[in-house]
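Trainee: Please take me through a close look at a single part of this model, namely the way its secondary-structure elements are put together. I should like one connected account.

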Amino acid sequence: MADLVTTTHADGISTIVMDDGKVNVFSIPLLEALHAAFDEVEQQGTVVVLTGRPGYFSAGFDLNVLRGGPDDAVTLLRLGATLAERILAFPAPVVAACGGHAFPAGAFLLMASDVRIAAEGPFKLGLNEVRIGLTLPWFAIALARHRLAPSYFDRATVTGTLFDPHSAHQAGLLDQVVGTEDLADVARTAARELTEIDRRAHAATKLRVRQRVLHELHEAIDQELRTGHLASPGA
């Protein structure tokens with residue numbers, strides 16, 4: 001079986017690629033592999049480019065696990081939530097290069113990343129939990145309130161609207177939309193520019209700017225997931 005996550009390092013940049021050969025569903029093994037990849041790049045001290053496979057950044061949490069036994073569901077959500085929390089506070093810059101669909105939990109990682117660049121195309125991005133019969137987790141609400149444009153927050157969460165890349169840019173889910181053929185180069189250029197910033201100042205400022213949302217995320221994860229009790233399902 002091919003690796004679900006691969007990591008390469010070059011010129012002060014680490015590229016983490018998610019690829020399950022299908023739609024990049026967040027299974028427990030894939031999320032564990034992502035945590036391991038971030039362990040590795042944190043040791044490297046490099047700028048990160050996080051990307052998926054052509055057509056799919058991620059189609060979100062594995063619904064079979066969420067609708068199965070509660071222990072596995074909580075484990076899955078905890079892995080995803082703590083990954084988003086980790087990326088939001090990561091000491092090095094994180095660039096998300098989205099080459100396709102990103103929903104629902106795929107959008108969580110976009111909202112947690114420092115720079116979000118996506119490819120043009122017939123792709124859907126957003127928080128569509130309510131459209132598939134799931135309640136948005138508290139940690140995701142905190143993340144969305146922090147990152148989405150205020151005028152889009154209510155619509156994106158309560159109605160589960162999925163946006164095309166340009167609308168997702170307006171909603172605050174993305175920072176830039178480029179041609180599919182340009183995505184990798186633009187993301188790497190952004191990462192290369194970020195290698196020039198003072199890393200200590202970057203990490204300290206990130207924690208100051210995001211102090212409130214990181215506290216809300218931590219509290220939500222602690223109350224909803226670390227206790228082992230899933231109050232309501234999420235995606």
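**The sheet edge and the packed helices**

Mentor: Strand 9 (residues 115–119) and strand 12 run parallel and are joined by three bridges. Within this pairing, Ile 117 stands opposite Gln 176 of strand 12. The model is a predicted one, with a mean pLDDT of 94 for the chain and 95% of the residues at 70 or more. The exception to keep in mind is residues 228–235, where the pLDDT is below 50, although this stretch has 28 contacts in the model beyond near neighbours in sequence. Where pLDDT is low, the predicted coordinates should not be read in detail.

The pair of strands belongs to an open sheet of six strands, whose order is 1-2-4-7-9-12 and whose pairing is mixed. Strand 12 (176–178) is one edge of this sheet and strand 1 (5–10) is the other, each pairing on one side only. From one strand to the next, the twist averages 20°.

Helix 1 (residues 28–44) lies across four of the strands, namely strand 1, strand 2 (13–18), strand 4 (47–51) and strand 7 (94–98), and runs at about 15° to strand 1.

From helix 1 one may pass to helix 3. The axes of these two helices come within 9 Å and cross at roughly 30°. Since angles under 35 degrees count as roughly parallel, helix 1 is therefore roughly parallel to helix 3. Their crossing is left-handed. On the side of helix 1, the contact comprises Ile 28, Leu 31, Glu 32, Leu 34, His 35, Phe 38, Asp 39 and Glu 42. On the side of helix 3, the partners are Asp 72, Thr 75, Leu 76, Leu 79, Gly 80, Thr 82, Leu 83, Arg 86 and Ile 87. The contact is mixed in class, with eight nonpolar, four polar and five charged residues.

Helix 3 (residues 70–88) also packs on helix 4 (residues 105–112), at an angle of about 20° and with the axes 8 Å apart. These two helices are therefore roughly parallel to each other, and helix 3 passes helix 4 in a right-handed crossing. Here helix 3 contributes Leu 83, Ala 84, Ile 87 and Leu 88, while helix 4 contributes Leu 109, Met 111 and Ala 112. The contact has seven nonpolar residues, with no polar and no charged ones. Leu 83 and Ile 87 thus take part in the contact with helix 4 and also in the contact with helix 1.

Helix 4 in turn packs on helix 5 (residues 138–147), with the axes 10 Å apart and at an angle of about 45°. That angle makes helix 4 oblique to helix 5, and the crossing is left-handed. Phe 108, Leu 110, Met 111 and Ala 112 of helix 4 meet Phe 139, Ala 140, Leu 143, Ala 144 and Arg 147 of helix 5. By class, eight of these residues are nonpolar, none is polar and one is charged. Met 111 and Ala 112 meet helix 5 here, and both are also part of the contact with helix 3.

Notes:
Residues are numbered from 1 along each chain as its sequence is written. This is a predicted model: local features need pLDDT of at least 70, side-chain atom pairs count only at pLDDT 80 or more; totals for chains, interfaces and linings use all residues. Side-chain values use heavy atoms; hydrogens and water are left out. Axes are lines fitted to C-alpha atoms, for helices over the stretch in contact, and angles run from 0 to 180 degrees between N-to-C directions. Angles under 35 degrees count as roughly parallel, over 145 as roughly antiparallel, 65 to 115 as roughly perpendicular and the rest as oblique. A crossing is left-handed if the near helix is turned anticlockwise from the far one by less than a right angle, and right-handed if clockwise. Contact means heavy atoms within 4.5 Å. Ala, Val, Leu, Ile, Met, Phe, Trp, Tyr, Cys and Pro count as nonpolar, Asp, Glu, Lys and Arg as charged, and the others, Gly among them, as polar. Two strands pair if DSSP finds at least two bridges between them. pLDDT is the predictor's confidence in each residue, from 0 to 100.
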